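This report describes the interior packing of one protein model and a pocket in it. The sequence and structure are shown first.

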Amino acid sequence: MSTTRPYSPGDRGPEPSGASGASQGDVPADGASGEAGAAPSGAAAPPGGRQVRRLRFEGESGVVPLARDFTRQALYAWGWLPAESADRRAAAEDVLLVVSELVTNACLHAEGPDQLCITCDNKVIRVEVADRGTGQPAPRTPHRAGRPGGHGMFIVQRLCLDWGVVRTPGVAGKTVWAELGAPA
């Protein structure tokens, strides 16, 4: 798992058209802007296709439950929910937990989140949380399971295929991303 690689293994970064799933310049494939109050469409990701949802947090309160509800709606639209099996249900719950952890970390350590972007294709779901913080997220080392707090990035590291941080030169803040495998 990585905290320094800005893109997943094999990915060479965002393409000019935004086709890599990076947050800059990407247009939602399903037509939903994902802004607070926007209703997601009911279409699942087409075979080989990619769906994108965005949620902007400007002026919002209760951002963690808002992010979870937004993500849950996307999972329903993309066919991850309702889950047909225990494995599929666990995969959807993992996505919701990772969203909660990344948004909570932005609240606690980075002046709050600016935006949540969720991208789904047939194999991977990518969660990106943009914030204005300067810090570098990392699992607390050593991890002490019996102590309160400090478990967020450890959980993300354990549940995800990979995760990292993207910083844009000359722009304040960062985007923390995490990728989870689609259910079998």
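## Core, helix 3 and pocket

In this predicted model, the largest nonpolar core comprises 34 residues, and those with the most contacts inside it are Leu75, Trp78, Trp80, Leu102, Leu116, Ile125 and Val156. Two or more residues of this core come from each of helix 1 (63–77), helix 2 (86–109), strand 2 (113–120), strand 3 (124–131), helix 3 (152–159), strand 4 (162–166) and strand 5 (174–181). Helix 2 contributes the most, with 9 residues.

Leu116 illustrates the packing. Leaving aside residues up to four places away in sequence, Leu116 touches Arg53, Arg54, Leu55, Phe57, Ala67, Phe70, Thr71, Val99, Val127, Glu128 and Val129.

Helix 3 has Gly152, Met153 and Val156 as buried residues. These residues lie on the same side of helix 3, because they cover an arc of only 90° around the axis. Helix 2, strand 4 and strand 5 are among the elements that cover the buried residues of helix 3.

The second largest pocket holds about 400 Å³ of space. Its lining consists of 23 residues, with Asn105, His109, Pro137, Ala138 and Met153 lying nearest its centre. Helix 2, strand 3, helix 3 and strand 5 each give two or more residues to this lining; the largest share, 7 residues, comes from helix 2. The classes of the lining residues are tabulated below.

| Class in the lining of the second largest pocket | Number |
|---|---|
| Nonpolar | 11 residues |
| Polar | 8 residues |
| Charged | 4 residues |

Conventions. Residues numbered from 1 in each chain as written. Predicted model: local features only at pLDDT ≥ 70, side-chain atom pairs only at ≥ 80, totals over all residues. Heavy atoms only, no water. Core = buried A, V, L, I, M, F, W, Y, C linked by side-chain atoms within 4.5 Å. Buried < 20%, exposed > 50% of the residue type's maximum accessible area, 1.4 Å probe, protein only. Helix = DSSP H or I, 4+ residues; strand = E, 2+ residues; numbered from the N terminus. Contact = heavy atoms within 4.5 Å. 1 Å grid on protein atoms, 1.4 Å probe; cavity = no way out; pocket = protein on both sides within 12 Å on 5 of 7 lines; lining within 4 Å. Points joined across faces, edges and corners; volume = space filled by probe spheres on them. Nonpolar A, V, L, I, M, F, W, Y, C, P; charged D, E, K, R; others polar. Arc of directions from axis to C-beta.
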